[in-house]
Amino acid sequence: MAATSLKQQSRIIIDNSVTRLGGIDVGKYPQHHFLYDHTPPLESWPLRIDFAGTDEWVKGCYRFRENSEIFAVEFVRVGHFRFVQDGAEFPAGPDTVFLVRPGCDVEMACEIDSSAMKRTVCITGPLLEPLLETLGLARVNLIPIRNPGELDLCFGEAVRLLRERPDDFAVRSSILLYRLLHLLSLDSRQERMPEPLTAVLRYLDRNLGGSATIDELAERFHLSAATLHRLFRRHVGISPIHYLIQRKMEAAKRLLLTTEEPIKEIAFRLGYSNALYFSSEFHRFQGESPRDFRRRRLNPPESR
């Protein structure tokens, strides 16, 4: 996927202080048959359906979402999609699920088949983040589904609940979403990251201000450098150092948007002693300088 050229060809759909969404349409496609929950958020809902429905795509359709503000379950039913999440590519055929994670840069395209279809449910709620950690889904990207019929029933039920809005909608939708995530967790165990890799990822996520080398990580977790590389390539799709840089850049974007800290201080917090080098690396990762990123996101154009 030539991400840069496709983005340059894209029309912008949303550009605000949180996220930037754009893409390429082919005629009337992609067609989104979604139902939305427009009621005010209630703290008592542990899990909530934000929207759910079906996507119809044709060859050439493309979407990107920078700094995704949603958690979405994309269930491929017909054809093939190519997903990219924070630089790692994931081809997805029928009966596979791709998880769109908040804070990530995501792309999706239909490149092979003349047409393709996926089902989508977007989930929110105060229990979502801890539940994803508990179920081992917090860092999962792609999941092969062993019983697609059972999972498809969950997607259909989500649409039905949004359409009919029963009196116990909040309770039933929360239970349904827990069941859906539990099914995904059971299937993901077949592709679950080995414990040594999970420990390395946890360490890197908790030490974004550090500058660990491959050899230091391998020694700390009693692995060879070759084994560490192999585990990352197989389960994460990128090298350990590339992963650490991505996580630093994700944290940088959040700090730029949610704090007034000077860029030099953000760089220092993330382990960069040289603010110019940090800005250069941010530009390579994001395509613009930290200063431009902050200004454009916090002061978006009123119209396009």
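This report covers salt bridges, helix packing and one buried glutamate in a predicted model.

## Salt bridges

Side chains of opposite charge can pair when their charged atoms come close. Across the whole structure, a search finds 28 salt bridges. Three pairs are described here, with their burial and their place in the fold.

Arginine 20 pairs with aspartate 15. Their closest N and O atoms are 3.6 Å apart, which satisfies the criterion because the cut-off is 4 Å. Arginine 20 has a relative accessible area of 18%. Aspartate 15 has 14%. Both partners count as buried because each value is under 20%.

## A bridge between two strands

Glutamate 74 forms a salt bridge with lysine 118. The closest N and O atoms in this pair are 2.7 Å apart. Glutamate 74 sits in strand β6, residues 71–78. Lysine 118 sits in strand β11, residues 115–124. The pair therefore ties together parts that are 44 residues apart in sequence. Glutamate 74 and lysine 118 are both buried.

## A network from helix α3

Glutamate 157 forms a salt bridge with arginine 160, and the closest N and O atoms are 2.7 Å apart. Both residues belong to helix α3, residues 148–164. They are three residues apart, about one turn of the helix. An α-helix has 3.6 residues a turn, so residues three or four places apart point the same way.

Glutamate 157 is partly exposed, at 23% relative accessibility. Arginine 160 is also partly exposed, with a relative accessible area of 27%. Salt bridges with shared partners join Glu157, Arg160, Glu164, Asp168 and Arg172 into one network.

## Helix α2

Helix α2 spans residues 128–135. Its buried residues are Leu128, Leu131, Leu132 and Leu135. Seen down the helix axis, these fall within an arc of 100 degrees, so they line one face of α2. Glu129 and Thr134 are exposed on the other side.

What do the buried residues of α2 pack against? Their partners are β6, β11 and α4, the last covering residues 169–188. Strands β6 and β11 also hold the partners of the bridge between glutamate 74 and lysine 118. Just after α2, glycine 136 takes a positive phi of about 75 degrees.

## Packing of α3 on α4

Two packed helices are described by the angle between their axes and the distance between the axes. The axes of α3 and α4 come within 10 Å. They cross at roughly 160 degrees. The two helices are therefore roughly antiparallel to each other, because the angle is over 145 degrees. Their crossing is left-handed.

On the α3 side, the contact is made by Glu150, Leu151, Cys154, Phe155, Glu157, Ala158, Arg160, Leu161 and Leu162. On the α4 side, Phe169, Arg172, Ser173, Leu176, Arg179, Leu180, Leu183 and Leu184 take part. Glu157, Arg160 and Arg172 are among these contact residues, and they also belong to the salt-bridge network.

## Glutamate 281

Is glutamate 281 buried or exposed? Glutamate 281 is buried, because its relative accessible area is 6% and the cut-off for burial is 20%. Its place is in helix α10, residues 275–286.

Which residues does glutamate 281 touch, not counting those up to four places away in sequence? They are Ile245, Met249 and Tyr272.

Terms used. Residues are numbered from 1 along each chain as its sequence is written. This is a predicted model: local features need pLDDT of at least 70, side-chain atom pairs count only at pLDDT 80 or more; totals for chains, interfaces and linings use all residues. Side-chain values use heavy atoms; hydrogens and water are left out. A salt bridge is a side-chain nitrogen of Lys or Arg within 4 Å of a carboxyl oxygen of Asp or Glu. Buried means under 20% relative accessible area, exposed over 50%, partly exposed in between (1.4 Å probe, protein chains only). Helices (H or I, at least four residues) and strands (E, at least two) are DSSP runs, numbered from the N terminus. The arc is that of the directions from the helix axis to the C-beta atoms. Contact means heavy atoms within 4.5 Å. Axes are lines fitted to C-alpha atoms, for helices over the stretch in contact, and angles run from 0 to 180 degrees between N-to-C directions. Angles under 35 degrees count as roughly parallel, over 145 as roughly antiparallel, 65 to 115 as roughly perpendicular and the rest as oblique. A crossing is left-handed if the near helix is turned anticlockwise from the far one by less than a right angle, and right-handed if clockwise.
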